[in-house]
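Subject: A structure for you to explore

Hello,

I am handing over a structure that I thought you might enjoy looking at. Please open it first, and then read on for what turned up in it.

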Amino acid sequence: KYGKIGWNVAYDFNESDFRISVQLLSMYLGKAFENGDPVPWESLKYLIGEAMYGGRVTDAYDRRVLVTYLDEYMGDFIFDTHQQFFFSQAGFGYIIPQVE
C-alpha cells in the first residue's frame, strides 16, 4: 500500500538520472577545487533536486523528502575537519577521505 518508505508516489527514477547527477557533482567539485572557489552547493542542489529528479516529483510531501535528503547530504559540513561526517554508520562506516 505505501511503497518505499518516505515516498507517497512511485517515481520512475533510473540509472541515467543517477549517473548524470554524479557527473554534475564531480564536475562542480572539481572546478571549485581547481579554482580555489567555494563549492556552489545551492546550484548543485537545484540542478540535482529540481532538474534531474524534481521534475518527476509531483507530490508536495515527496518534494519535502527530496529537499531534506539534499540538505542532509550536500554542504560544506561534509568536509568539516573538526567533526567527521558519516554517510552511514549502519555497518558500512564510509567517510569522506581526507585531502592533504
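Before we start on the helices, here is one idea you will need: the expected span of a helix is 1.5 Å times one less than its number of residues. Please also keep in mind that this is a predicted model.

Let's begin with the overall layout. The protein chain has three helices and zero strands, and from the N terminus on its elements run α-α-α. Of its 100 residues, 23% count as buried. The chain exposes about 7,800 Å², and carbon and sulfur atoms supply 57% of that area. If you take the contacts between residues at least 6 apart in sequence, 51% of them join residues at least 24 apart.

Now for helix 1. How far does helix 1 reach from its first C-alpha to its last? With 21 residues, helix 1 reaches 30 Å, close to the 30 Å expected at 1.5 Å a residue. Its buried residues are D17, S21, L24 and A32. These four cover an arc of only 60° around the axis, so they sit on the same side of helix 1. Turn to the other side of helix 1 and you will find Q23, F33 and E34 exposed. And what do the buried residues of helix 1 pack against? They pack against helix 2.

One of these buried residues is worth a stop. S21 lies in helix 1, and its relative accessibility is 7%, so S21 counts as buried, the limit being under 20%. Leaving aside its neighbours within four places in sequence, S21 is in contact with I48, M52 and Y53. Just after helix 1, look at G36, which takes a positive phi of about 70°.

Helix 3 can be read in the same way. Helix 3 has 14 residues and reaches 20 Å from its first C-alpha to its last, close to the 20 Å expected at 1.5 Å a residue. Which residues of helix 3 are buried? They are D62, L66 and L70. Seen down the axis of helix 3, these buried residues fall within an arc of 80°, and therefore they line one face of the helix. On the other side of helix 3, A60, Y61 and R64 are exposed. What covers the buried residues of helix 3 includes helix 2.

Next, the core. In soluble globular proteins, nonpolar side chains tend to be buried together. In this model the largest nonpolar core has 14 residues, and W41, I48 and M74 are those with the most contacts inside it. Helix 1, helix 2 and helix 3 (60-73) each supply at least two residues of this core. Helix 2 gives the most to this core, with five residues. To see the core from one residue, select M74: not counting residues up to four places away in sequence, M74 touches L25, W41, L44, K45 and I48.

Finally, the aromatic rings. A pair of aromatic rings is described by the distance of the centres and the angle of the planes. How many aromatic pairs does a search of the whole structure find? It finds two. In one of them, Y11 and F13 are stacked, at 5.6 Å centre to centre and with 25° between the planes. Y11 has a relative accessible area of 17%, so Y11 is buried, whereas F13, at 29% relative accessibility, counts as partly exposed.

F13 also pairs with Y53: their ring centres are 5.0 Å apart and their planes are at 85°, so this pair is edge-to-face. This pair links distant parts of the chain, with F13 in the segment before helix 1 (15-35) and Y53 in helix 2 (residues 41-54), 40 residues apart. Y53 has a relative accessible area of 14%, so Y53 is buried. Together, Y11, F13 and Y53 form one aromatic cluster. You have met Y53 already in this email, as one of the contacts of S21.

If you would like a place to start, try colouring helix 1 by its buried residues, D17, S21, L24 and A32, and then look for helix 2, which they pack against.

Happy exploring, and best wishes!

Conventions
Residues numbered from 1 in each chain as written. Heavy atoms only, no water. Phe/Tyr/Trp six-rings, centres within 6.5 Å; stacked < 30°, edge-to-face > 60°. Buried < 20%, exposed > 50% of the residue type's maximum accessible area, 1.4 Å probe, protein only. Contact = heavy atoms within 4.5 Å. Areas by Shrake-Rupley, 256 points an atom, 1.4 Å probe, with all protein chains shown as cover. Arc of directions from axis to C-beta. Core = buried A, V, L, I, M, F, W, Y, C linked by side-chain atoms within 4.5 Å.
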